[in-house]
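Me: Got a model open here and want a quick walk through it. Can we start with the backbone oddities?

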Amino acid sequence: MKERRPAVEGWFTDADGTTRLLGTRCSSCGTPYFPRNELACRNPGCTGPKDGSELAEYALSSRGTVWSYADARYKPPPPYVSPDPFVPYTIAAVELTEERIVVLGQTVPGVGVDDLEVGMEVELTTGTLYEDDEAEYTVWMWRPAR
Amino acid sequence: MTDDRDIAVLGAGMHPWGKWGRNFVEYGLAAARAALADAGLTWPDVQYVAGADTIRNGYPGFIAGATFAQALGWSGARVSSAYAACASGAQAIANARAQILAGLCDVALVVGADAAPKGFFKPVGGDRPDDPDWLRFRLLGATNPIYFALAARRRMALHDATLDDFAAVKVKNARHGLANPNARYRKEVTAEDVAESAVVADPLRLLDICATSDGGAALVLSSVDFARRHGVADPVRVAALSTVTPTFPKTVIDLPDFATDSAMTVPPPDRPFRSALPHAAYEEAGIGPEDLSVAEVYDLSTALELDWYEDIGLCEPGGAEDLLRSGATTIGGRIPVNPSGGLASFGEAIPAQAIAQVCELTWQLRGRAEGRQVENARTGIAVNQGLFGHGSAIITTR
């Protein structure tokens with residue numbers, strides 16, 4: 001079996017068996033961020049120091065409801081790494097229940113637009129985005145909640 | 001707000017949209033000459049040149065103001081270049097307007113032009129793993145049509161929009177663009193044509209999504225005093241121009257973002273970004289949507305045109321489908337939208353597009369939009385939205 005490597009470092013983890021997005025959270029006002037924000041809390045009303053010291057690593061919750069969804073019927077340009085022949089994929093925009101952030105992600109293979117509905121519950125998992133001779137490159141993906 | 005913040009539109013000019021395969025400078029130059037001729041002025045009369053940048057045509061595109069100034073022949077005019085994605089043209093207009101209102105110049109030329117690649121827009125080349133525009137393609141395959149389709153699907157779920165409604169927008173705009181000599185597509189489209197076109201990103205089909213085009217647009221702007229001295233007593237005026245940024249937390253997903261802001265600690269603003277843009281312009285002009293006679297909105301997709309109806313206040317949220325079906329937004333209706341034919345008939349030539357919208361409003365307000373004239377047009381709005389929190393709303397009056 002090929003080695004599995006994240007397609008991007010530090011954006012998600014599945015170390016404990018549950019896939020979670022890795023972001024940051026402001027210790028002053030509590031606002032979470034994904035992707036990771038290390039510069040300064042962006043809440044204009046936050047009274048924190050805003051020098052980045054207020055932002056700590058934070059693993060976001062892994063469940064939410066579908067905000068919207070769409071699919072890709074044509075091969076996108078690079079840097080997307082497409083199998084040959086191209087395989088259509090579906091993208092869901094999901095509002096995390098706890099953090100109230102809408103996050104995009106591909107859905108797992110086999111879950112297409114006909115299987116989705118705005119408002120339905122989904123959860124994160126890890127799936128293969130693309131592969132080469134050496135490794136499978138993984139990314140976060142949405143699947144219907146179990 | 002008093003009209004001492006008005007500036008005059010003395011000239012408007014365009015190079016027709018298409019897929020001509022030539023250098024963008026040529027389109028900008030043709031548009032600039034047409035705008036100068038329309039204004040009854042010559043290039044040496046121009047004291048300030050504002051270029052709208054294209055990032056897809058090499059270094060000359062990044063410094064569009066100077067590129068066009070050189071092409072017209074160095075004249076010593078002052079210069080600026082602006083990049084704001086789809087709102088680049090509006091920022092160039094804003095730069096010229098500020099110079100004129102500050103009394104730093106009387107006459108300014110605004111130019112935007114693009115030569116667009118085939119197919120999907122793609123990020124700037126090279127490995128750029130710290131560029132969100134690169135990453136969204138790499139990690140998600142999230143092309144522009146994906147974002148348009150997410151918005152369209154959301155509209156279907158929230159407001160019961162149908163694929164027939166989306167197709168009706170295309171049919172309307174194609175009809176509007178038939179007589180526009182600058183439009184790329186001048187052909188009737190039926191609802192069946194839309195339904196039979198390929199699905200690009202469900203629920204959107206090829207004919208729901210705007211193409212990428214070559215084109216150029218230019219405006220000659222001046223102080224109202226200069227216009228009077230020049231013999232134009234009643235010019236079309238830019239009465240307001242808004243380029244406001246979003247308010248935190250921005251909770252609507254837009255390209256090229258992976259995620260929205262969180263609404264966990266601060267409630268979402270009363271006015272989401274797309275409606276904040278025209279709202280600020282209405283406040284600046286001291287008018288409201290009820291005063292409009294015509295609107296040019298950024299129909300990157302058919303579904304997005306419906307969102308704009310609500311954002312510019314033509315109807316309440318959820319009312320766009322009824323407004324469309326009533327015929328109000330068709331030429332001859334109460335408030336025609338995209339009489340030019342919109343992006344549906346033009347395709348997008350990014351830095352030229354916001355300028356082209358104002359060209360159309362200018363011709364409409366002069367009563368010279370042949371074959372697509374909105375009767376008795378007095379007040380118009382042009383709105384657009386682009387990547388990274390850019391957008392614009394421009395109000396013109398006469």
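Reply: Sure. B:Asn338 sits in the loop between helix 12 (320-326) and helix 13 (342-346) of chain B. This is a predicted model.

Me: What is phi of B:Asn338 near?
Reply: Phi of B:Asn338 is near 55°. That is a positive value in a residue other than glycine.

Me: Buried or exposed, that B:Asn338?
Reply: B:Asn338 is buried, because it has 29 C-beta neighbours inside 10 Å. The cut-off for buried is 20 or more.

Me: And what about phi of A:Arg100?
Reply: Phi of A:Arg100 is near 50°, a positive value in a non-glycine residue. A:Arg100 lies in the loop between strand 7 (89-96) and strand 8 (102-107) of chain A. A:Arg100 has 19 C-beta neighbours inside 10 Å, so it counts as partly exposed.

Me: Where is the peptide bond to B:Pro203, and is it cis or trans?
Reply: The bond from B:Asp202 to B:Pro203 is cis, with omega near 10°. B:Pro203 is in the loop between strand 5 and strand 6 (204-205) of chain B.

Me: Same thing for B:Phe248 to B:Pro249: cis or trans?
Reply: Cis, with omega near -5°. B:Pro249 is in the loop between strand 8 and helix 10 (273-285) of chain B.

Me: Switching to the sheet in chain B. What order do the strands take?
Reply: Nine strands form an open sheet, in the order 3-2-4-7-1-8-11-10-9. The pairing is mixed.

Me: Which are the edge strands?
Reply: Strand 3 (78-82) and strand 9 (294-297) of chain B. Each pairs on one side only. On average, neighbouring strands of this sheet are turned by 25° against each other, direction ignored.

Me: What holds paired strands together, in general?
Reply: Strands of a sheet pair through backbone hydrogen bonds, either parallel or antiparallel.

Me: How does strand 4 of chain B pair with strand 2 of chain B, parallel or antiparallel?
Reply: Strand 2 and strand 4 of chain B run parallel, joined by five bridges. B:Gly51 stands opposite B:Val111 in strand 4 of chain B.

Me: And strand 4 with strand 7 of chain B? How many bridges?
Reply: Eight bridges, in the antiparallel sense. The bridge partner of B:Asp114 is B:Gly215, in strand 7 of chain B.

Me: How many residues of strand 4 of chain B are buried?
Reply: Eight of the eight, so strand 4 of chain B is largely enclosed by the rest of the structure. B:Val107, B:Leu109, B:Val111 and B:Ala113 point one way. B:Ala108, B:Val110, B:Gly112 and B:Asp114 point the other way.

Me: How do strand 1 and strand 8 of chain B run?
Reply: Antiparallel, with three bridges joining strand 1 (residues 7-18) to strand 8 (residues 236-242) of chain B. B:Val9 stands opposite B:Val236 in strand 8 of chain B.

Me: What does helix 3 of chain B lie across?
Reply: Helix 3 (residues 64-72) lies across strand 2 (48-52), strand 3 and strand 4 (107-114) of chain B. Helix 3 runs at about 125° to strand 2 of chain B.

Me: And helix 14 of chain B?
Reply: Helix 14 (residues 350-366) lies across several strands of chain B, including strand 1, strand 7 (214-222) and strand 11 (391-397). Helix 14 runs at about 55° to strand 7 of chain B.

Me: Back to helix 3 of chain B. At what angle does helix 1 of chain B cross it?
Reply: Roughly 65°, with the axes coming within 10 Å. That makes helix 1 of chain B roughly perpendicular to helix 3 of chain B. The crossing of these two helices is right-handed.

Me: Which residues meet there, between helix 1 and helix 3 of chain B?
Reply: From helix 1 of chain B, B:Val25, B:Gly28, B:Leu29 and B:Ala32. From helix 3 of chain B, B:Thr67, B:Phe68, B:Ala71 and B:Leu72. By class, that contact has six nonpolar, two polar and no charged residues.

Me: Chain A next. How many helices and strands?
Reply: Zero helices and ten strands. The C-alpha trace of chain A spans about 50 × 35 × 30 Å along its principal axes. Of its 146 residues, 37% are buried.

Me: Last one: how many residues does each chain put into the contact?
Reply: Chain B gives 31 residues and chain A gives 38 residues. Helix 6 of chain B gives the most to chain B's side, with six residues. That side has 20 nonpolar, six polar and five charged residues.

Terms used
Residues are numbered from 1 along each chain as its sequence is written. Chains are lettered from A and ligands numbered from 1 in the order in which they are written. This is a predicted model: local features need pLDDT of at least 70, side-chain atom pairs count only at pLDDT 80 or more; totals for chains, interfaces and linings use all residues. Two residues are in contact if their C-beta atoms, placed from the backbone, lie within 7 Å. Helices (H or I, at least four residues) and strands (E, at least two) are DSSP runs, numbered from the N terminus. Ala, Val, Leu, Ile, Met, Phe, Trp, Tyr, Cys and Pro count as nonpolar, Asp, Glu, Lys and Arg as charged, and the others, Gly among them, as polar. Two strands pair if DSSP finds at least two bridges between them. Axes are lines fitted to C-alpha atoms, for helices over the stretch in contact, and angles run from 0 to 180 degrees between N-to-C directions. A residue is buried if 20 or more other C-beta atoms lie within 10 Å of its own, exposed if 12 or fewer, and partly exposed in between; C-beta atoms are placed from the backbone. Angles under 35 degrees count as roughly parallel, over 145 as roughly antiparallel, 65 to 115 as roughly perpendicular and the rest as oblique. A crossing is left-handed if the near helix is turned anticlockwise from the far one by less than a right angle, and right-handed if clockwise.
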